[in-house]
Amino acid sequence: MLSRSPATASLLLRSLLRQPRGFSSSAAAAPAPAKGGDDGKLVASVLFERLPVVIPKIHPVVYAFQEFSFRWRQQYRRQYPDDVLGKADARGKGDYHIDYVPAPRITEADKANDLKSLQRALDNKLYLLLYGNAYGAPDGKPIWHFPEKVYENEETMRLCAETALKSVIGGLDNTYFVGNAPMAHMVVEQPDSSVSSFKRFFFKSQVVGATKYHIGKCKDYAWVTKDELLEYFPENKDFFSKMIIHIR
């Protein structure tokens with residue numbers, strides 16, 4: 001067995017520490033701006049998501065399979081005496097019993113197609129879009145975009161994303177950021193603009209215990225489903241379709 005001197009072992013350890021790391025669950029520091037002609041701007045965007053409020057409707061094929069499975073299990077179920085079943089039926093009929101009335105799936109916001117309300121599409125996910133000035137917009141015109149902020153001197157890109165969302169809704173009390181790392185990123189090329197190419201990093205945040213937010217720092221806003229969101233970005237439809245994993 002070969003033996004190594006302390007000096008050789010120290011050099012080997014240093015070489016291992018210099019190797020780039022792969023994935024990390026901790027909040028990584030933002031990379032330094034690129035040198036040269038490209039200013040290397042970094043933009044943190046937030047995919048602000050409201051999860052479904054009610055259980056989505058079961059697909060007819062799934063419902064048919066569940067019905068078949070239930071009938072099949074009924075053939076082999078154990079038969080209990082009537083007195084045992086009678087005791088089970090008598091439970092829950094006291095003064096504390098409350099009749100359950102399900103909430104309607106179709107709300108007034110659905111009927112009015114109110115895109116500014118969180119009380120719509122209760123069985124679906126909703127995402128916040130803003131209409132106003134965005135970094136890299138053609139000719140500086142207002143466009144639909146996500147809450148965003150250009151990275152300046154924040155310690156991490158996630159802190160930059162938190163600042164972007166906070167500036168829009170006024171606080172982060174009723175929000176939850178999912179993880180420290182971005183969920184996706186894209187390189188935005190601007191061949192016909194004074195703004196050079198830049199990188200946009202997307203962070204996911206979710207609505208927690210809130211039914212309304214006071215949205216600011218924009219000319220208009222909308223809470224949209226994934227299918228509606230893709231209509232706002234036809235040029236990046238494939239990218240956002242892969243980025244937003246939506247299983248109903």
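Let's start inside the protein, at phenylalanine 240, which is buried, with a relative accessible area of 3%. Keep in mind as you look around that this is a predicted model. What does phenylalanine 240 pair with, and how do the two rings meet? Its partner is phenylalanine 239, and the two rings form an edge-to-face aromatic pair, with 5.3 Å from centre to centre and 75° between the planes. Is phenylalanine 239 buried or partly exposed? Phenylalanine 239 has a relative accessibility of 25%, so it counts as partly exposed, because buried means under 20%.

These two rings have company. Ring pairs join Phe239 and Phe240 with Phe146, Phe202 and Phe233 into a cluster. In the whole structure there are 15 aromatic pairs. One of them brings together phenylalanine 146 and phenylalanine 233, whose rings are stacked, 5.5 Å centre to centre and with 15° between the planes. Where along the chain do these two residues sit? Phenylalanine 146 is in the loop between strand E3 (143-145) and strand E4 (148-150), while phenylalanine 233 is in the loop between helix H6 (226-232) and helix H7 (237-243). They are 87 residues apart, and the pair links distant parts of the chain. Phenylalanine 146 and phenylalanine 233 are both buried.

Now let's move to tyrosine 131, which you can find in strand E2 (residues 126-132). With a relative accessible area of 27%, tyrosine 131 is partly exposed. Which residues does it touch, leaving aside those up to four places away in sequence? The answer is Pro142, Ile143, Trp144, His145, Cys218, Lys219 and Asp220. Take isoleucine 143 from that list: it comes 12 residues away from tyrosine 131 along the chain, and their C-alpha atoms are 5.3 Å apart.

Another tyrosine is worth a stop. Lysine 116 lies over the face of tyrosine 221, at 5.6 Å from the ring centre.

Finally, let's step back and view the whole chain. It has seven helices and eight strands, and 33% of its 248 residues are buried. How much of the contact network joins residues 24 or more positions apart? Among the contacts with a separation of 6 or more, such pairs account for 67%. As for the outside, the accessible surface of the protein chain is about 17600 Å², and carbon and sulfur atoms make up 55% of it.

Technical notes: Residues are numbered from 1 along each chain as its sequence is written. This is a predicted model: local features need pLDDT of at least 70, side-chain atom pairs count only at pLDDT 80 or more; totals for chains, interfaces and linings use all residues. Side-chain values use heavy atoms; hydrogens and water are left out. Helices (H or I, at least four residues) and strands (E, at least two) are DSSP runs, numbered from the N terminus. Buried means under 20% relative accessible area, exposed over 50%, partly exposed in between (1.4 Å probe, protein chains only). Contact means heavy atoms within 4.5 Å. Accessible areas come from the Shrake-Rupley method with a 1.4 Å probe; for residues, only the protein chains shown count as cover. Rings of Phe, Tyr and Trp (its six-membered ring) pair if their centres lie within 6.5 Å; planes under 30 degrees apart count as stacked, over 60 as edge-to-face and the rest as tilted. A charge sits over a ring if NZ of Lys or CZ of Arg is within 6 Å of the ring centre and within 35 degrees of the ring normal.
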